[in-house]
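Visitor: I should like to understand how the descriptive terms for a protein structure are justified. Please take me through the reasoning one term at a time.

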Amino acid sequence: MKKFVMAALGGTVAGVLLTTQVAGPLIAQEAERNENVYQQLDLFGDIFERIRSQYVEEVDSKELIEAAINGMLTSLDPHSSYLAPDDFDDMQVQTRGEFGGLGIEVTQEEGFVKVVSPMDGTPADAAGMEAGDFITHVNGESVLGLTLDQAVEMMRGPVGSEIIITVVREGVAEPFDVSIIRDTIKVTAVRSRVVGNTVVLRITTFNDQTTPGLQEEFKKSVEELGGMENVDGFVIDLRNNPGGLLTEAISVSDAFLEKGEIVSTRGREAADGERFNATPGDLTEGKPIVLLINGGSASASEIVAGALQDHRRAIVVGTKSFGKGSVQTVVPLRGDGAMRLTTARYYTPSGRSIQSLGVMPDIVVNQPARPAAPAEGEGETSAARQPQSEADLRGSISNDSMTEDERKLLEEERARVEETAALRDEDYQLAYAVDILRGLNAVAAPAAE
């Protein structure tokens, strides 16, 4: 018995010694780290007081502290920042879909402001701004060296006022100026159109209006075609969509998926990770989907594209997306301001992160530059002189094998095909997507007996 007691005591002593040997250095390291932090905070206090007392001009203490906080956050990554009370209010208004400005989503790269995407129907869109443009000057003043918030502040101004932005664009030899008239931005989150038997759902942003707008536009377009039985498929257009609310990206993805993971987020600690899954119910009832993306498709757009691509629910067409695969959490702070902090990366259902890589389309389709119009008197005249088909030849015999109803159906089909052909001049990528759906529908249709 004594041996067991001694063994137990020996184990306890050994355990105490081991704990002391391991925990002692850890505690010492933690104490040293804390001491270094306090020393750095003392240094900050010394500099702050020296600026207040000796800077050449009197400074506002509140502005100094806000600048220090913002500098700390912006040093982390391009998407973390401090939101002063006014900026926080503006952000909350933007998620509801109406705000003042130019209508561009921007980030910072190489010291300059880079356009992620212009928003549809906004002053920036009307002025011809494009995804990937670099803004180097605002009203003649360089933005180099400014924080992103400072550069954005330079672009703000009263509704109706003019702003001159200097732009550097890939493929254009020299920088050029763009004049934009500021306006109130009213973002319509979802618009729809019918092309032949295809429903096109254009999603421009992910805000509080997106899911209700998607459901409303979906119903309207399907009714226009006379019901789901007349729909070949759907095009979801996410080009130049800079993203928005994570909850809306999940909701939109869920609308087209019956089951499975939509997206997962992984933070610094394993316990901080989350997974979001689809619920039963596909809005399209299994109809084929083509999803359009480009370099202006970012964040929430990439969540939707990645989810539908990984589940083989949509054919993704266009060009590589922007590659913003991080999650920002907005944390309200004392004094009515807030902190936007990157807290996680998000991953598609297959487990891939698209941070800095983007979503690669299944089919790469570039949007060609619009061809120059033919000179007056050219093109149309020469084409008009050439016979277009057998039916145009003088004295050709008629087709006697078609009934009047069959002829009518043929003419309707020809009109739909010609509509898509005309669409190529307006939007080549969209016309390509519509052609894919028409081809899928033709393959799926039962053969005539």
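Guide: Let us begin with strands: two of them are said to pair if DSSP finds at least two bridges between them. The model before you is a predicted one.

Visitor: What makes strand E16 and E19 a pair?

Guide: Two bridges join strand E16, residues 315–318, to E19. At least two are required, so the condition for pairing is met. The two strands run parallel. As for the bridge partners, Gly318 is matched with Val364 of E19.

Visitor: To which sheet do these strands belong, and in what order do its strands lie?

Guide: They belong to an open sheet of six strands, ordered E10-E11-E12-E15-E16-E19, and the pairing in this sheet is mixed.

Visitor: Why are strand E10 and strand E19 called edge strands?

Guide: Strand E10 (190–195) and strand E19 (363–364) each pair on one side only, and this is what the name expresses. A helix also packs on the sheet: H6, residues 210–224, touches E10, strand E11 (198–203) and E12. The direction of H6 makes about 20 degrees with that of E10.

Visitor: How do you know that Arg52 and Glu49 form a salt bridge?

Guide: A salt bridge requires a side-chain nitrogen of Lys or Arg within 4 Å of a carboxyl oxygen of Asp or Glu. For Arg52 and Glu49 the distance from N to O is 4.0 Å, so the pair qualifies. Both residues lie in helix H1 (residues 2–54), three residues apart, which is about one turn of the helix.

Visitor: Are Arg52 and Glu49 to be called buried, exposed or something in between?

Guide: The class in between applies, with limits of 20% and 50% relative accessible area. Arg52 has 43%, so this residue counts as partly exposed. Glu49 has 40% and is likewise partly exposed.

Visitor: What makes Asp427 and Arg239 a salt bridge, and which parts of the chain does it tie together?

Guide: The closest N and O atoms of Asp427 and Arg239 are 2.7 Å apart, which is within 4 Å, and therefore the pair is a salt bridge. Asp427 lies in the loop between helix H10 (404–426) and helix H11 (428–444), whereas Arg239 lies in the loop between strand E12 (233–237) and helix H7 (246–255); the pair therefore ties together parts that are 188 residues apart in sequence.

Visitor: Why are Asp427 and Arg239 called buried?

Guide: Buried means under 20% relative accessible area. Asp427 has 13%, so the term applies. Arg239 has 7%, so the term applies there too. Leaving aside residues up to four places away in sequence, Asp427 touches Arg239 and Gln367. Asp427 and Arg239 also belong to a network of salt bridges, in which they are linked with Asp120, Arg191, Arg202 and Asp237.

Visitor: How do you know that Arg438 and Asp435 form a salt bridge, and how are these residues classed?

Guide: Their closest N and O atoms are 3.6 Å apart, within the limit of 4 Å, so the name is justified. Both residues lie in helix H11, three residues apart, or about one turn of the helix. Arg438, at 18%, is under 20% and so counts as buried. Asp435, at 26%, is partly exposed. By the salt-bridge rule the count comes to 18.

Visitor: Why is Glu285 called exposed?

Guide: Exposed means over 50% relative accessible area, and Glu285 has 62%, so the word fits. Glu285 is found in the loop between strand E14 (274–277) and strand E15 (289–293).

Visitor: Which residues lie nearest the centre of the second largest pocket, and which element gives the largest share of its lining?

Guide: Of the 44 lining residues, Glu130, Asn240, Asn294, Gln367 and Gln429 lie nearest the centre. The elements that give two or more residues to the lining are strand E4 (112–118), E10, E11, H10 and H11. E4 gives the largest share, four residues. The volume of this pocket is about 1,300 Å³.

Visitor: How many helices and strands does the protein have, and what share of its residues is buried?

Guide: There are eleven helices and 19 strands. Of the 449 residues, 36% are buried.

Note on methods. Residues numbered from 1 in each chain as written. Predicted model: local features only at pLDDT ≥ 70, side-chain atom pairs only at ≥ 80, totals over all residues. Heavy atoms only, no water. Buried < 20%, exposed > 50% of the residue type's maximum accessible area, 1.4 Å probe, protein only. Contact = heavy atoms within 4.5 Å. Axes fitted to C-alpha atoms, helices over the stretch in contact; angles between N-to-C directions. 1 Å grid on protein atoms, 1.4 Å probe; cavity = no way out; pocket = protein on both sides within 12 Å on 5 of 7 lines; lining within 4 Å. Points joined across faces, edges and corners; volume = space filled by probe spheres on them.
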